[in-house]
Amino acid sequence: MGASGWEYFVPYREDLEGALQQLRQEVFASGDYYWVNGGDWLPEGERAAPPQSLEELWADELVQESGTHSILDIFRVVGPGDTPDYSTVEPVTAEEARELLGTGKLTRAHVKDFDVFPRSRCAVLHDESGTPREICFWGHSGD
């Protein structure tokens with residue numbers, strides 16, 4: 001199948017980890033992710049019922065191999081000094097934003113240019129007055 005790109009916007013909150021976990025719960029509850037055992041490509045009699053929890057989802061070996069092609073594949077926000085990996089999202093720093101996009105306060109208008117940041121990332125987005133309004137999570141995941 002190959003990796004899939006994804007992008008989510010949530011209301012701003014200072015706790016990026018809390019925002020990520022709430023988003024993951026909302027996406028799981030909505031069913032808006034790739035469920036390898038319930039796909040349309042399987043005959044109806046072979047499709048498994050959707051998992052009832054994130055723990056149940058990730059206990060499945062096929063899900064561990066193929067992922068969900070969504071924010072559910074991201075388990076935590078890395079902090080300063082942590083090494084990002086496949087299952088993490090790294091916040092864009094003001095220094096990176098200034099260096100790569102010419103401003104320390106990103107807005108929705110900058111989202112189209114976020115491909116300059118490597119890996120799965122998150123960024124606080126500000127309004128015209130510089131007040132934080134949203135968090136954008138974006139990246140690629142899945143097999």
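Reader: Why is R119 called partly exposed?

Author: This is a predicted model, and in it R119 has a relative accessible area of 45%. Buried would need under 20% and exposed over 50%. The value falls in between, so R119 is partly exposed.

Reader: And what makes its backbone worth a look, and where does R119 sit?

Author: Its phi is positive, about 70°, although R119 is not a glycine. Most residues other than glycine have a negative phi, so that sign catches the eye. As for the place, R119 is in the loop between α4 and β4.

Reader: What about H69: why is that one called buried?

Author: Relative accessibility for H69 comes to 10%. The cut-off for buried is under 20%, so H69 counts as buried. H69 also has a positive phi, near 60°, and again the residue is something other than glycine. You'll find H69 in the loop between α3 (61–66) and β2 (76–77).

Reader: How do you know how much of the protein chain is buried?

Author: Put every residue to that under-20% test. Of the 143 residues in the protein chain, 41% come out as buried. On the outside, the chain exposes about 8000 Å², and carbon and sulfur atoms supply 50% of that area.

Reader: What makes up the fold, in what order?

Author: Four helices and five strands. Going along the sequence, the pattern reads β-α-α-α-β-β-α-β-β. The C-alpha atoms fill a box of roughly 55 × 25 × 25 Å along the principal axes. Taking contacts between residues at least 6 apart in sequence, 56% join residues at least 24 apart.

Reader: Now the largest pocket. How much space lies in it, and which residues are closest to its centre?

Author: About 200 Å³ of space lies in it. There are 14 lining residues, and V92, A94, A123, V124 and H126 are the closest to the centre. Two elements each give two or more residues to the lining, namely α4 (94–101) and β4 (121–126). β4 has the largest share, with four residues.

Reader: How do you know what counts as lining there?

Author: A lining residue must have an atom within 4 Å of a pocket point. The 14 residues of the largest pocket's lining are counted that way, so each of them meets that cut-off.

Reader: And what is the lining like, nonpolar, polar or charged?

Author: Eleven nonpolar would be the headline: the split is 11 nonpolar, three polar and no charged. Ala and Val count as nonpolar, so V92, A94, A123 and V124 go into that group. His isn't among the nonpolar or charged types, so H126 counts as polar.

Note on methods. Residues are numbered from 1 along each chain as its sequence is written. This is a predicted model: local features need pLDDT of at least 70, side-chain atom pairs count only at pLDDT 80 or more; totals for chains, interfaces and linings use all residues. Side-chain values use heavy atoms; hydrogens and water are left out. On a 1 Å grid over the protein atoms alone, a cavity is a set of points where a 1.4 Å probe fits but cannot get out, and a pocket is an open set with protein on both sides within 12 Å along at least five of seven lines; lining residues have an atom within 4 Å of a point. Grid points are joined across faces, edges and corners, and a volume is the space filled by probe spheres set on the points. Buried means under 20% relative accessible area, exposed over 50%, partly exposed in between (1.4 Å probe, protein chains only). Contact means heavy atoms within 4.5 Å. Accessible areas come from the Shrake-Rupley method with a 1.4 Å probe; for residues, only the protein chains shown count as cover.
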